[in-house]
Amino acid sequence: MAKEKTREWWYVLKKRAANPPKDERSKEEKKAEENELLAKYYTEWKGGSGKDCSYKNIPRFYYKLPAEDEVLLQKLREESRAVFLQRKSRELLDNEELQNLWFLLDKHQVPPVIGEEAMISYEAYQKVGEKAGPKCKQFFTAKVYGKLLHTDPYGRISIMQFFNYVMRKVWLHQTRIGLSLYDVAGQGYLRESDLENYILELIPTLPQLDGLEKSFYSFYVCTAVRKFFFFLDPLRTGKIKIQDILACSFLDDLLELRDEELSKESQESNWFSAPSALRVYGQYLNLDKDHNGMLSKEELSRYGTATLTSVFLDRVFQECLTYDGEMDYKTYLDFVLALENRKEPAALQYIFKLLDIENKGHLNVFSLNYFFRAIQEQMKIHGQEPVSFQDVKDEIFDMVKPKDPYKITLQDLVNSCQGDTVTSILIDLNGFWTYENREVLVTNDNDSGSAADLDDP
């Protein structure tokens with residue numbers, strides 16, 4: 001009986017194999033089924049049989065900003081950001097908690113003292129971390145300890161250095177939160193108007209600015225904000241990342257004005273100080289001979305030592321923003337920042353754009369000759385023998401050492417660390433004279449120093 005059934009199945013299978021059922025599906029349908037089965041079995045093999053791993057399940061990561069007419073959504077966004085920033089602010093150490101941390105560190109110092117520096121070992125450091133509370137947990141890690149570990153023979157770190165590290169971190173977070181309050185868009189950057197509001201509200205908290213008249217506040221704010229945007233917004237997008245503001249030293253310079261005993265020298269070298277802002281604005285007013293609040297090319301020609309060439313000034317008024325051919329205070333500030341900081345890449349970028357008359361992205365012999373001819377003409381006016389352009393051209397290329405021996409790019413100027421010298425040679429007779437007589441000036445300085453030594457008892 002079993003044999004008969006086996007033989008019967010054998011005939012059925014043989015018959016089906018000889019006459020298989022026709023698959024009337026198209027090639028596209030077969031291919032689609034094949035891909036579906038492949039995706040199914042691959043998903044099961046990867047252990048995700050219970051999940052849909054397709055692109056449809058990618059979480060949403062972009063949320064469109066509310067439109068201007070969506071008042072309710074805008075208000076909701078502002079309130080939610082304010083609540084978020086308040087929560088972040090509460091996570092920071094306050095003054096009382098910082099004092100408590102200092103007390104714990106001082107209590108757990110480990111002898112011997114190095115000079116006047118109290119030290120702490122890793123074991124004591126861990127004990128302080130356990131007692132300091134949850135807010136301090138982020139500071140008491142092996143990574144932080146390793147960063148502050150230097151050459152102590154006992155493997156300890158300085159308590160003062162560690163506490164300063166904590167203070168700096170807390171200050172950075174506080175400042176970031178403070179700046180974020182002015183970030184109207186909530187995108188991590190400040191527009192010019194946002195930064196203006198921040199600095200305007202900061203003025204009353206800076207004792208060094210107590211003497212400023214309120215009528216001068218708008219000019220002070222403009223002066224301060226221009227430095228941030230000139231150096232941190234090279235592409236002139238009209239906005240600066242908050243991270244970039246925190247990473248640069250400008251905010252430190254601005255907040256240094258909280259020090260009531262800041263020295264006169266420090267104030268003079270600080271762009272944000274009252275004397276510096278009054279100096280820059282006073283120079284602008286002195287140049288403005290017709291008192292119309294703007295500067296013409298003729299008025300600007302008296303800037304500094306009045307030795308900038310007319311060719312360079314022509315380029316300034318061609319490339320920079322002007323109103324009926326005259327320059328306003330904001331454009332003047334960019335001009336001053338560029339000429340007073342010629343070693344900085346942002347300043348070199350500003351001047352390079354003016355020197356690149358053909359707008360080719362590089363300076364060639366024609367460009368150099370175009371600007372140096374004006375220097376030669378000024379030398380003749382002052383009764384001096386003009387220097388050969390070929391000599392100056394060779395010296396410039398020797399100083400810069402560009403990748404291409406026939407043209408100089410902005411990057412070549414920056415990399416050479418001679419950009420300030422090169423630009424001074426090309427745009428300023430006084431700058432060229434200083435370069436040309438550098439050896440004589442050094443000798444005179446040395447002689448003056450020797451004479452002073454002889455005069456000493």
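**Salt bridges, cysteines and pockets in a predicted model**

D334 forms a salt bridge with R226, and the closest N and O atoms of the two residues are 3.2 Å apart. D334 lies in helix α16, which spans residues 329-340, whereas R226 belongs to helix α9, residues 217-232, so the pair ties together parts that are 108 residues apart in sequence. Both partners, D334 and R226, are buried. The structure examined here is a predicted model.

The contact between D334 and R226 does not stand alone, since E192, R226, K330 and D334 are linked in a network of salt bridges. In the whole structure there are 16 salt bridges. Two further examples are described here. The side chains of E97 and K135 meet in a salt bridge with an N to O distance of 3.3 Å. Here E97 is part of helix α4 (residues 95-107) and K135 sits in the loop between α5 (122-132) and α6 (142-148), so this pair ties together parts that are 38 residues apart in sequence. E97 has a relative accessible area of 27% and is therefore partly exposed. For K135 the relative accessible area is 27%, so K135 is partly exposed. Another salt bridge joins the side chains of R156 and D152, with an N to O distance of 3.0 Å. R156 and D152 are both buried.

The cysteines were considered next. A search of the whole structure finds zero disulfides. C320 has a relative accessibility of 15%, and it counts as buried because the limit for that class is under 20%. C417, with a relative accessible area of 61%, is exposed, because that class begins over 50%.

The surface of the model was also searched for pockets. The largest pocket has a volume of about 500 Å³. It is lined by 21 residues, of which R236, C320, D334, Y350 and K353 are the closest to its centre. Two of these residues have already appeared above: C320 is the buried cysteine, and D334 is the salt-bridge partner of R226. Helices α9, α16 and α17 (345-355) each supply at least two residues of the lining of the largest pocket. The largest share of this lining comes from α17, with five residues. Divided by class, the lining of the largest pocket holds nine nonpolar, three polar and nine charged residues.

The second largest pocket has a volume of about 410 Å³. Of the 21 residues that line the second largest pocket, those closest to its centre are F84, L85, K88, R176 and I177. Helices α3 (71-90) and α7 (159-180) each supply at least two residues of the lining of this second pocket. With six residues, α7 gives the most to the lining of the second largest pocket. The lining of the second largest pocket consists of eight nonpolar, six polar and seven charged residues.

Helices α9 and α16 thus come up twice in this account. They carry R226 and D334, respectively, and each of these helices supplies at least two residues of the lining of the largest pocket.

How values were computed. Residues are numbered from 1 along each chain as its sequence is written. This is a predicted model: local features need pLDDT of at least 70, side-chain atom pairs count only at pLDDT 80 or more; totals for chains, interfaces and linings use all residues. Side-chain values use heavy atoms; hydrogens and water are left out. A disulfide is a pair of cysteine sulfur atoms within 2.5 Å. Buried means under 20% relative accessible area, exposed over 50%, partly exposed in between (1.4 Å probe, protein chains only). A salt bridge is a side-chain nitrogen of Lys or Arg within 4 Å of a carboxyl oxygen of Asp or Glu. Helices (H or I, at least four residues) and strands (E, at least two) are DSSP runs, numbered from the N terminus. On a 1 Å grid over the protein atoms alone, a cavity is a set of points where a 1.4 Å probe fits but cannot get out, and a pocket is an open set with protein on both sides within 12 Å along at least five of seven lines; lining residues have an atom within 4 Å of a point. Grid points are joined across faces, edges and corners, and a volume is the space filled by probe spheres set on the points. Ala, Val, Leu, Ile, Met, Phe, Trp, Tyr, Cys and Pro count as nonpolar, Asp, Glu, Lys and Arg as charged, and the others, Gly among them, as polar.
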